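The exercises below ask you to read a protein model with its ligand step by step. Each task is followed by a worked solution.

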Amino acid sequence: MKRVGIIGTGSYLPEKVLSNFDLEKILDTSDEWITTRTGIRERRLARADEAASDLAKVAGERALMDAGIAPEEVELIVMATITPDTHCPAGANWLEAKLGAVNAVSFDVTAACTGFIFALSVAEQYIKTGIYRNALIVASEIMTRTLDWTDRETCILWGDGAGAAVITEVEDGRGILSTHIHSDGAGGDTLLMPGGGSKTTPISYESVDKKLHTLNMIGANQSFKVAVKRFAEACEEALYHNDLTLDDIKVIIPHQANLRILQGVAKRLNVSMDKVYVNIDRYGNISSATVPIALDEAARDGTIQPGDLVLLAAFGGGLTWGSALIRW
Ligand code: COA
């Protein structure tokens, strides 16, 4: 089996900032409530003419430039998204065309907030087994298009953005040490977008009136507790599998859903928050895109140096959860 590693990262955040103070003007909420309960201060909002593949294109181009790979050299594109431009074709197909990746095959992976780790795990298998020489993995979400802006418990949490990574065969001593992915379909109702699929089509006045086409977070409190548990389990599984402890890890890059979830995970793992990468204050929850955006920032701001062990972990709708342990 070949050793596979990340050789380039990139990200893109839309310019428009929507702060908690902006939300105060349209909702019965306050900056104080949102900051205290979630750690979020602001989030980004995609332009009306931007779709998920547009955000993905910029993030993908940046990752390819970082890796020194031209679009036409890309062999595989896996896009993680729950907000594709269209259900058919896949978001990845639009992205392939926009990038000019004329020699690539492309498809989407749907695993909500764990999407990037699922996509990384899938793409890694193709490189490991020698079927493809490289892959571009992009997570891109326009979560703000899925929201009911009168549901103050849900709409304050989410934002838009994209992150990307390029993987290929690397020399021994670095690269992806493990990926672990999990799902529990019985928990599917927790984070649900009920409409738009075969269950509710054709879309009707009734389905719109019932708000079936917006993100539904039944039992947000419950998912909070499950998230803490599954996040911690995902980290422990990666460490156990590689015979490592948290002392060996330079930084944990978790999905950014709620600062209090991350604090709960740190407490459960008995690790300092200094070891947990946090940028939720600036971007909110961008579903699958939070992990690669944080990874790109950590790679560029010097948090991660060559040789460091980096632990990616995520939890999300599905339910899904997983980890990736990487020697940078
Ligand atoms: N502004 C002001 N008040 C709000 C509010 C808002 N945006 N949203 C809810 N409230 C109110 C509630 O109505 C409730 O009022 P009440 O006590 O009069 O009934 C009160 O604040 C407390 O609500 P509660 O649900 O107990 O707050 P919380 O501390 O659990 O925080 C969430 C709510 C949604 C922030 C939190 O549960 C959460 O982040 N859950 C995790 C969801 C998640 O990210 N899952 C994983 C996805 S990957």
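A residue is called buried when its relative accessible area is under 20%, exposed when that area is over 50%, and partly exposed in between. The structure to which this is applied here is a predicted model.

**Exercise 1.** Determine where Gln-125 is placed and whether Gln-125 counts as buried, partly exposed or exposed.

*Solution.* Begin with the secondary structure, in which Gln-125 belongs to helix H5. Next take the relative accessibility of Gln-125, which is 36% and therefore makes this residue partly exposed. Finally, set Gln-125 against Glu-42: the two are 83 residues apart in sequence, and their C-alpha atoms are 37 Å apart in space.

**Exercise 2.** Describe the shell around the ligand, and explain why the ligand lies between two domains.

*Solution.* Start with the count, which gives 19 residues surrounding the ligand, with Thr-29, Arg-37, Glu-153, Asn-221 and Asn-258 as the closest. By character, the shell consists of 8 nonpolar, 6 polar and 5 charged residues. Then assign the shell to helices: at least two residues come from each of helix H2 (31-38), helix H6 (152-155) and helix H8 (220-241), and the most come from H8, which supplies 4 residues. The last step concerns the domains, since both domain 1 (4-176) and domain 2 (177-327) contribute residues to the shell, and the ligand therefore lies between them.

**Exercise 3.** Find how far the polar side-chain atoms of Trp-33, Arg-37 and Ser-223 lie from atoms of the ligand, and state how much of the ligand the protein buries.

*Solution.* Consider the oxygen atoms of the ligand before the nitrogen. A polar side-chain atom of Arg-37 is found 2.8 Å from a ligand oxygen, while for Trp-33 the corresponding distance to a ligand oxygen is 3.3 Å. On the nitrogen side, Ser-223 places a polar side-chain atom 3.0 Å from a nitrogen atom of the ligand. As for the area, the ligand taken alone exposes 980 Å², of which the protein buries 75%.

**Exercise 4.** Examine the salt bridge between Arg-133 and Glu-75, asking which parts of the chain the pair ties together and whether each partner is buried or exposed.

*Solution.* The N to O distance between these side chains is 2.6 Å, and they meet in a salt bridge. Arg-133 sits in the loop between helix H5 (115-128) and strand E6 (134-142), whereas Glu-75 sits in the loop between helix H3 (52-67) and strand E4 (76-80), so the pair ties together parts that are 58 residues apart in sequence. With a relative accessible area of 62%, Arg-133 is exposed, but Glu-75, at 15%, is buried.

**Exercise 5.** Place two further salt bridges, Lys-98 with Asp-85 and Asp-49 with Arg-47, within the structure.

*Solution.* For the first pair, the side chains of Lys-98 and Asp-85 meet at 3.9 Å, N to O. This pair links distant parts of the chain, 13 residues apart, with Lys-98 in helix H4 (residues 91-99) and Asp-85 in the loop between E4 and H4. Lys-98 is partly exposed at 32% relative accessibility, and Asp-85 is partly exposed at 26%. For the second pair, the closest N and O atoms of Asp-49 and Arg-47 are 2.8 Å apart. Here Asp-49 counts as exposed at 57%, while Arg-47, at 48%, counts as partly exposed. Arg-47 and Asp-49 also join Glu-50 in a network of salt bridges. Over the whole structure, the search finds 18 salt bridges.

Definitions and conventions: Residues are numbered from 1 along each chain as its sequence is written. This is a predicted model: local features need pLDDT of at least 70, side-chain atom pairs count only at pLDDT 80 or more; totals for chains, interfaces and linings use all residues. Side-chain values use heavy atoms; hydrogens and water are left out. A residue is near a molecule or strand if one of its heavy atoms lies within 4 Å of it. A polar contact is a pair of N or O atoms within 3.5 Å; within protein, one must be able to donate a hydrogen and the other to accept it, and residues adjacent in sequence count only if both atoms are side-chain atoms. Accessible areas come from the Shrake-Rupley method with a 1.4 Å probe; for residues, only the protein chains shown count as cover. Ala, Val, Leu, Ile, Met, Phe, Trp, Tyr, Cys and Pro count as nonpolar, Asp, Glu, Lys and Arg as charged, and the others, Gly among them, as polar. Domain bounds come from an automatic or database domain assignment. A salt bridge is a side-chain nitrogen of Lys or Arg within 4 Å of a carboxyl oxygen of Asp or Glu. Buried means under 20% relative accessible area, exposed over 50%, partly exposed in between (1.4 Å probe, protein chains only).
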